[in-house]
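This report looks at one protein chain and its ligand. Please keep the structure in view while reading.

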Amino acid sequence: MLRLLVLALTCTAAAQEPLRFSREHSDYGLPNANAIWLPYSSNADHCCNQIWRAMYLAECVPRDVGGALPQEHSEPAEFFVPGWYFTKRQGVERDRHLFGGDGRQMPVEGFARANSKQLLVWLQQVDGDVLRELKTRPRAAVWFQHDLLRLARRLLDTKQNPELIEPLLHCAHRVALPKSVLQSDAVRTASARDVAAQLKNFDLAKSVEVQRRSSRLFDAEYVQLWSSIYLTSPGQDRKAIAAWLASGKGRAPLAMHSTALLLQGIVAVDDAGAPCATDLVIEARTQRLSNREPLAFDNPTTTRDGVDFAMWSLPRTAVRDMDAATTAVPFAAFRSIDMNSQELFRDYGSLKHTTYAAQCALCHRRSNTPDSAIAGFSALRLSSKPRVAMAAERKRQAEGEMLRFLDKLRSK
Ligand code: HEC
């Protein structure tokens, strides 16, 4: 009896190994090698879990190591000076870590021969009963398809493992759901209204959705996601914000405490092979202009020059067991990402290990940029031609972009 109890306790302890390192750890936020990740099934050996693991957990030496990592700098007063977010050094063997996890950043760049062969076997297993069961969980099916297509995109970008492109595409077609399901609440997660309701100082009714020329980071041809940006400015109604957007050259600086909400959701492929922008939102980010004080270590904002960020990412496990009848996913199911936590960022170029704060400040800084009047709110650049978006415009645009990607894949 006692032995059984001890065994039960050890099993629980093993199951409860934290997925990521905690705040006190020097690798805060990176995946824990002893954790058990079960994104697509409670059965660890399920082929979808195996495929996911091959993509989202990778041990490697980063090409760049950010100076913002706690062990890379000493006194904050000396480190957080203009340009802090640029500081980095080349990665060396002792920088080798396990990266990734159930999030958005995919660390893998390609596979050795044996691993590619193994991946092919797992891809073939996504068929028959496994496939039928996966399709009873529409959110998991859509997300898994997204992961397959993302890997195909990555391999096109890194020019590795051409032998995997066709099997990935075929598997993505096998898991595809009918358009009627993709357009229904069966795949819905949190909407802009759900997210905004949980934010302080963000009234969606007083915001406008911003249409703009998307950069590559937000083009579904490259990221297989649609993205919507909503902007609010204190004391301004929709008309006033629209007028500001339209005022072009010579417009007033962005109002203090303006906030942008960015949502990103999956563009799926339906069972007829057509792109379909779904309501499966997987990430939310906010950006707020908090002050226009100079950059300094004690400017209490993410960028240290007045701009604050927040970010929430939906773990796959949160929707893993939801069937078609589940209609609501609370915003509380999203994981809040601490800006001081760490990640290996690959989507922004080369493999770079740094903090979220440093990565976000790189493109969204307020000072030392020609964009200081818009405080690093990139979508508001005049060159992006920002204007008020029409209903569903972003989703239709993303479907067109996705089609370009699918055409490219199918021609391989
Ligand atoms: C490589 C540059 C780059 C990095 C790094 C980056 N972004 Fe952005 N971000 C952009 C661009 C460009 C846009 C404008 C959207 C578009 O092009 O469609 C944007 C838009 C946004 C917006 C909408 C408001 C705005 O500025 O237009 C938010 C919020 C945002 N990003 C948050 C973040 C967060 C949080 C991070 C850190 C994880 C981050 N970004 C990292 C380039 C970047």
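What follows covers the sheets, the core, the ligand shell and a few single residues.

## The model

The structure is a predicted model.

## The seven-stranded sheet

One open sheet has seven strands, in the order β10-β9-β8-β7-β6-β5-β13. Its pairing is antiparallel. The edges are taken by β10 (335-336) and β13 (387-388). Each has a single partner strand, so one side of each is left without a neighbour in the sheet.

Within this sheet, β6 (residues 225-232) and β7 run antiparallel and are joined by eight bridges. Trp 226 has Gly 265 in β7 as its bridge partner. A helix also meets this sheet: α6 lies across β7 and β8. The direction of α6 is at about 90 degrees to β7.

## The four-stranded sheet

A second open sheet is built from four strands, ordered β3-β2-β12-β11. Here the pairing is mixed. At the edges stand β3 (88-90) and β11. Each of these has a single partner strand, so one side of each lacks a neighbour in the sheet. On average, neighbouring strands are turned by 20 degrees against each other, direction ignored.

The three pairings can be taken in turn. β2 and β3 run antiparallel, with three bridges between them. β2 (residues 64-66) and β12 (residues 352-355) pair in the parallel sense, over two bridges. β11 (residues 342-345) pairs with β12 in the antiparallel sense, over four bridges.

Which residues stand opposite Val 65 in β12 and in β3? In β12, the residue opposite Val 65 is His 353. In β3, the bridge partner of Val 65 is Arg 89. Further across, Phe 345 has Lys 352 in β12 as its bridge partner.

α13 packs on the four-stranded sheet. The helix touches β2, β11 and β12. Its direction makes about 100 degrees with that of β12.

## The nonpolar core

The largest nonpolar core holds 96 residues. Phe 144 and Val 267 touch the most other members. By element, helix α6 (residues 138-158) gives the most to this core, with ten residues. As a general background, nonpolar side chains in soluble globular proteins tend to be buried together.

What does Phe 144 touch, not counting residues up to four places away in sequence? Its contacts are Tyr 40, Cys 48, Leu 134 and Val 175.

## The ligand shell

The ligand is surrounded by 23 residues. The closest are Ala 260, Cys 360, Cys 363, Ser 378 and Ala 379. Four elements give two or more residues to this shell: β7 (259-269), β8 (275-289), β9 (307-313) and α13 (356-364).

Which element gives the most to the shell? That is α13, with six residues. This is the helix that packs on the four-stranded sheet, while β7, β8 and β9 are strands of the seven-stranded sheet. By type, the shell divides into 14 nonpolar, seven polar and two charged residues.

## Positive phi in two loops

Gln 224 is not a glycine, yet it has a positive phi of about 55 degrees. Gln 224 sits in the loop between α10 (220-223) and β6. Is this residue buried or exposed? Gln 224 counts as buried, because it has 25 C-beta neighbours inside 10 Å.

His 257 also has a positive phi, near 70 degrees, in a residue other than glycine. Its place is the loop between α11 (238-246) and β7. His 257 counts as partly exposed, because 14 other C-beta atoms lie within 10 Å.

## Two exposed helix residues

Val 121 belongs to helix α4 (residues 113-125). Why does Val 121 count as exposed? It does so because 10 other C-beta atoms lie within 10 Å, and the cut-off for exposed is 12 or fewer. Val 121 and Ile 51 are 70 residues apart in sequence. In space they are 9.8 Å apart, C-alpha to C-alpha.

Ser 180 lies in helix α8 (residues 179-182). Ser 180 is exposed, with 10 other C-beta atoms within 10 Å. Ser 180 and Phe 21 are 159 residues apart in sequence. Their C-alpha atoms are 41 Å apart in space.

Key: Residues numbered from 1 in each chain as written. Predicted model: local features only at pLDDT ≥ 70, side-chain atom pairs only at ≥ 80, totals over all residues. Near = placed C-beta within 6 Å. Nonpolar A, V, L, I, M, F, W, Y, C, P; charged D, E, K, R; others polar. Pairing = 2+ DSSP bridges. Core = buried A, V, L, I, M, F, W, Y, C linked by C-beta atoms within 7 Å. Buried ≥ 20, exposed ≤ 12 C-beta atoms within 10 Å, placed from the backbone. Contact = placed C-beta atoms within 7 Å. Axes fitted to C-alpha atoms, helices over the stretch in contact; angles between N-to-C directions.
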